[in-house]
Amino acid sequence: MLNDTIVAISSPIGTGAIAVVRISGNHVKNIIGQALKRKRYTPKKMYYGWLYNKEGEKVDEITWVYHPQPHSYTGEDMLEIFCHGGKLITYAVLNTIIKYGVRQALPGEFTKRAVLNGKMDLIKAEAVNNVITSETEISLKASFNQLKNPLSEKINEIKNSLLSISAQIEVEMDYPDDIEFEDHNMKNKLDDIVNRMDQILKGADNGIIAVEGVRTVIVGKPNSGKSTLLNALLRKDRAIVTDIPGTTRDTIEENLNINGIYIKLIDTAGIRNTEDTLERVGIERTINSIKNSHLILFVLDGTTPFTQEDELIYNKLNELGNKTVIIVLNKSDSPNFKESNYLPLKQKNPNDFVIISAKNGDIKNLEDKIYEKFFEKVNIEEPTLTNQRQKITLESSKEFVLNAINSFEKGFSNDVIMYDVRKALEKIYELSGENYTEELLDKIFSTFCVGK
Ligand code: GDP
């Protein structure tokens with residue numbers, strides 16, 4: 001499968017001066033001979049010429065570069081064609097290449113090949129994708145840190161330590177009478193690995209937030225102004241706002257950028273149609289999004305007193321703990337607005353309380369508060385893990401190391417310890433992509449764009 005040759009348009013589709021079509025695989029030299037009619041050429045040098053179809057007709061005037069394997073992005077023979085940038089002409093170039101027996105690439109397939117050919121590890125491949133898809137400067141910075149100063153080195157060190165421990169155990173198992181290592185040596189090594197894993201995991205949550213966005217949920221009783229706030233944050237009429245409670249039927253997810261902080265806004269407003277009070281305020285149905293969120297905007301209607309429904313939501317949020325909650329007192333523009341109704345709440349949460357008018361778009365207080373709460377977290381200098389896959393995989397590797405330490409302390413036999421060391425190693429290989437399943441790779445690369 002790796003041997004078939006793939007092609008894709010690697011630049012955005014649209015009208016531009018130049019578009020890039022990339023080809024990778026062992027058929028590249030034939031294409032240069034047949035479609036570019038060039039017999040002799042030097043690698044990495046740009047040539048000018050014409051692209052010809054199989055019938056020998058000129059398709060486009062192009063420049064092109066040949067990157068021989070293994071010194072290319074994918075590690076295979078590659079050809080980059082720079083053609084005219086119009087949509088139709090770019091597709092004509094693509095289709096011409098396909099006619100020469102080349103298959104159109106799947107999303108991320110070039111990078112997948114780079115990983116499979118050992119040109120980069122999975123963590124770096126994911127960083128490449130993050131750099132391309134970064135929507136804000138701060139998320140770009142976190143992704144770029146991972147690209148230029150990859151965590152891969154630290155992961156490699158952990159891998160080598162685990163390998164050395166496993167070699168040590170194997171020697172002990174093979175020559176039980178001749179060699180006995182000092183116990184504290186092994187224990188120290190395992191402890192050291194856990195420490196290094198903890199160092200990496202410490203920054204993981206912030207790295208994930210920086211790159212994948214601050215998952216934000218808007219909650220509040222019906223009619224408090226959640227949809228209006230969503231629209232104000234997005235500065236467009238996205239959710240339909242009426243004064244009949246319950247107009248927002250589905251969960252809406254939107255991306256937004258608050259001074260460089262990437263916010264993923266999930267609106268779960270207005271889910272009800274039940275007698276259950278908790279359900280009626282939409283909290284039970286939103287509980288999962290709340291659990292997965294980093295920030296909760298709790299919207300209150302400043303034109304009415306603090307109601308039982310509000311209290312129900314408030315208590316539920318407090319039960320969740322460990323979440324950033326901003327209390328948003330809305331409708332400050334209304335003549336019926338009374339801050340005094342909410343004074344006790346404000347006194348209890350002085351740093352998490354803002355007053356806004358969603359209707360008038362007067363939400364700067366809220367945006368500033370969000371920035372204040374998240375800037376430190378997401379403004380990351382160090383390379384760090386940037387997605388859940390990486391975090392969960394490293395955590396499970398750590399679990400196995402902890403098991404090994406535990407077995408060691410209890411004086412279990414070497415093969416018991418060895419089992420967990422091997423498992424920990426497997427997880428590290430999975431993290432770096434040295435040990436993969438097709439399913440895992442397909443899942444990761446399906447989020448890439450075609451042509452990368
Ligand atoms: P939701 O059910 O929580 O999503 O509430 P909506 O956003 O649909 O708003 C309910 C009603 O409150 C609508 O009539 C809005 O126009 C009104 N509303 C929302 N925000 C404000 C505000 O800041 N000021 C005033 N005066 N009315 C608002």
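What share of the contacts in the protein chain with a separation of 6 or more is accounted for by residues 24 or more positions apart? In this predicted model, such residues make up 69% of those contacts. The chain has 452 residues, of which 39% count as buried, and its secondary structure comes to 17 helices and twelve strands.

The chain is divided into three domains, and the second of them is assembled from two separate stretches of sequence: domain 1 covers 6–121, domain 2 joins 134–203 with 385–432, and domain 3 takes up 212–378. Taken over C-alpha atoms, the centres of domain 1 and domain 2 are separated by 41 Å.

Helix H16, which runs over residues 414–432, offers a place to look at one element in detail. Its 19 residues should span 27 Å at 1.5 Å a residue, and because its end C-alpha atoms are 27 Å apart, the expected and modelled spans agree. The buried residues of H16 are Ile417, Asp420, Val421, Ala424, Leu425, Lys427, Ile428, Glu430, Leu431 and Ser432, a list that holds charged side chains, such as those of Asp420, Lys427 and Glu430, alongside Ile417, Val421 and Leu425. In an α-helix there are 3.6 residues a turn, so residues three or four places apart point the same way. The buried residues of H16 pack against helix H4 (122–133), helix H6 (152–174) and helix H15 (388–409). After H16 comes Gly433, whose phi is positive, near 95°.

Turning to domain 3, which spans 212–378, one may begin with the positions that UniProt, in an unreviewed entry, lists under "binding site", namely Asn223, Thr242, Ile244 and Thr247. Asn223 is found in the loop that links strand S7 (214–219) to helix H9 (226–234). Is this loop residue buried or exposed, given the C-beta neighbours of Asn223 inside 10 Å? Asn223 counts as buried because it has 20 such neighbours, and 20 is also the number at which a residue begins to be called buried.

A second residue to follow is Asp310, which is found in helix H12 (residues 308–320). Asp310 is buried, because 22 other C-beta atoms lie within 10 Å. When residues up to four places away in sequence are left out, Asp310 touches Lys221 and Leu300. Thr386, by contrast, is 76 residues from Asp310 along the chain, and the C-alpha atoms of Asp310 and Thr386 are separated by 35 Å.

Technical notes. Residues numbered from 1 in each chain as written. Predicted model: local features only at pLDDT ≥ 70, side-chain atom pairs only at ≥ 80, totals over all residues. Domains from an automatic or database assignment. UniProt positions renumbered as here; feature names shortened; annotations may be inferred. Helix = DSSP H or I, 4+ residues; strand = E, 2+ residues; numbered from the N terminus. Buried ≥ 20, exposed ≤ 12 C-beta atoms within 10 Å, placed from the backbone. Contact = placed C-beta atoms within 7 Å. Expected span 1.5 Å × (residues − 1).
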